[in-house]
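Work through the exercises below with the sequence and model open. Try each task before reading its solution.

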Amino acid sequence: MKARRGVTLVEVMLAGSIAVLLTLACLEGVIVATRISHENAQLLAAEAFAWDTAWKWLNKPYDELNNSTTARFYSDNGSGYFVVSSNACPMLCRELNGGADARLYVRVALLSGSSSPSRHGSSQVVKRIDVNVEWGPASSRRRLNSVGTTSGRSFSVPVSVYKGPFERGI
């Protein structure tokens with residue numbers, strides 16, 4: 001009997017099924033990578049928005065900020081937070097986050113004595129401005145830190161700046 005040349009139908013089907021499995025595994029990897037990059041983009045957008053907000057509050061006059069040692073939360077409607085508009089931070093807008101508004105928490109506290117930072121060996125009277133951003137659908141909220149809220153997953157990214165009683169440029 002002569003040996004036949006070529007491949008059999010079984011070999012072709014086996015090679016095809018292996019190729020399909022490899023393709024599906026690669027596509028699953030692409031899907032996971034896309035989800036992770038989207039989450040990272042939201043985290044970076046939230047952090048950038050928080051630092052922009054901290055910078056704006058740092059540039060406010062010293063006397064306009066809280067003068068009490070009890071921390072005060074600022075808000076636009078008495079709720080303790082600001083609602084982040086889609087124009088302010090498009091990456092965190094409600095359309096991308098399951099219909100839930102992103103929230104911005106701003107807390108200002110007067111620090112003096114042992115709780116305040118020291119400069120040249122003496123303690124300074126300063127105001128600490130803490131900022132937090134919370135976003136995502138109600139079932140899986142995410143937040144930069146624990147300022148103002150404890151709901152959802154925290155990334156433990158502190159956003160705090162200190163403002164002294166002296167103005168810049170003087």
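The exercises go from the helix to the core, the salt bridges, the surface and the loops.

This is a predicted model, in which local features need pLDDT of at least 70, side-chain atom pairs count only at pLDDT 80 or more, and totals for chains, interfaces and linings use all residues. Residues are numbered from 1 along each chain as its sequence is written, and side-chain values use heavy atoms, with hydrogens and water left out.

**Exercise 1. Compare the span of helix α1 with the expected span, then find what its buried residues pack against.**

Step 1. Fix the terms. Helices (H or I, at least four residues) and strands (E, at least two) are DSSP runs, numbered from the N terminus.

Step 2. Take the length. Helix α1 covers residues 9–58, which is 50 residues. The expected span is 1.5 Å times one less than the number of residues. For α1 that gives 74 Å. From first C-alpha to last, the model reaches 73 Å, close to the expected value.

Step 3. List the buried residues (under 20% relative accessible area; exposed is over 50%, partly exposed in between; 1.4 Å probe, protein chains only). In α1 they are Gln42, Leu43, Ala45, Ala46, Phe49, Ala50, Thr53, Ala54, Trp57 and Leu58.

Step 4. Find their partners by contact (heavy atoms within 4.5 Å). The buried residues of α1 pack against β1 (72–74), β2 (82–84), β3 (102–111), β6 (126–135), β7 (142–143) and β9 (160–163).

**Exercise 2. Which residues of the largest nonpolar core touch the most other members, and which element gives the most to this core?**

Step 1. Define the set. A nonpolar core is a set of buried Ala, Val, Leu, Ile, Met, Phe, Trp, Tyr and Cys residues joined through side-chain atoms within 4.5 Å.

Step 2. Pick out the best-connected members. The largest core has 26 residues, and Trp57, Leu104, Ile129, Val133, Trp135 and Leu144 touch the most other members.

Step 3. Assign the core to elements. At least two residues come from each of α1, β2, β3 and β6. Helix α1 gives the most, with 8 residues.

Step 4. Zoom in on isoleucine 129. Beyond its neighbours within four places in sequence, isoleucine 129 contacts Trp57, Leu58, Leu65, Val106, Arg107, Val108, Val159, Ser160 and Val161.

**Exercise 3. Inspect the salt bridges and place three pairs in the fold.**

Step 1. Apply the criterion: a side-chain nitrogen of Lys or Arg within 4 Å of a carboxyl oxygen of Asp or Glu. The structure holds 5 salt bridges.

Step 2. Start in the helix. Arginine 35 and glutamate 39 pair with closest N and O atoms 3.8 Å apart. They are 4 residues apart in α1, so about one helical turn separates them. Arginine 35 is partly exposed at 47% relative accessibility. Glutamate 39 is partly exposed too, at 29%.

Step 3. Move to the strands. Arginine 107 and aspartate 130 meet at 2.9 Å, N to O. Arginine 107 is in β3 and aspartate 130 in β6, so this bridge ties together parts 23 residues apart in sequence. Aspartate 130 is buried, at 3% relative accessibility.

Step 4. Look for a network. Glutamate 134 and arginine 141 form a bridge of 3.0 Å, N to O. Both residues are buried. A salt-bridge network links Arg103, Glu134 and Arg141.

**Exercise 4. What is the sign of phi at serine 156, and where is this residue found?**

Step 1. Read the angle. Phi of serine 156 is near 55°, a positive value in a residue other than glycine. Most residues other than glycine have a negative phi.

Step 2. Locate it. Serine 156 is in the loop between β8 (153–154) and β9. Serine 156 is exposed, with a relative accessible area of 58%.

**Exercise 5. Is valine 147 buried or exposed, and which residues does it contact?**

Step 1. Place the residue. Valine 147 is in the loop between β7 and β8.

Step 2. Check accessibility. At 9% relative accessibility, valine 147 is buried.

Step 3. List contacts, leaving aside neighbours within four places in sequence. Valine 147 contacts Phe73, Tyr105, Arg107, Asp130 and Asn132.

Step 4. Add a distance. The C-alpha atoms of valine 147 and glutamate 134 are 9.8 Å apart, with their positions 13 residues apart in sequence.
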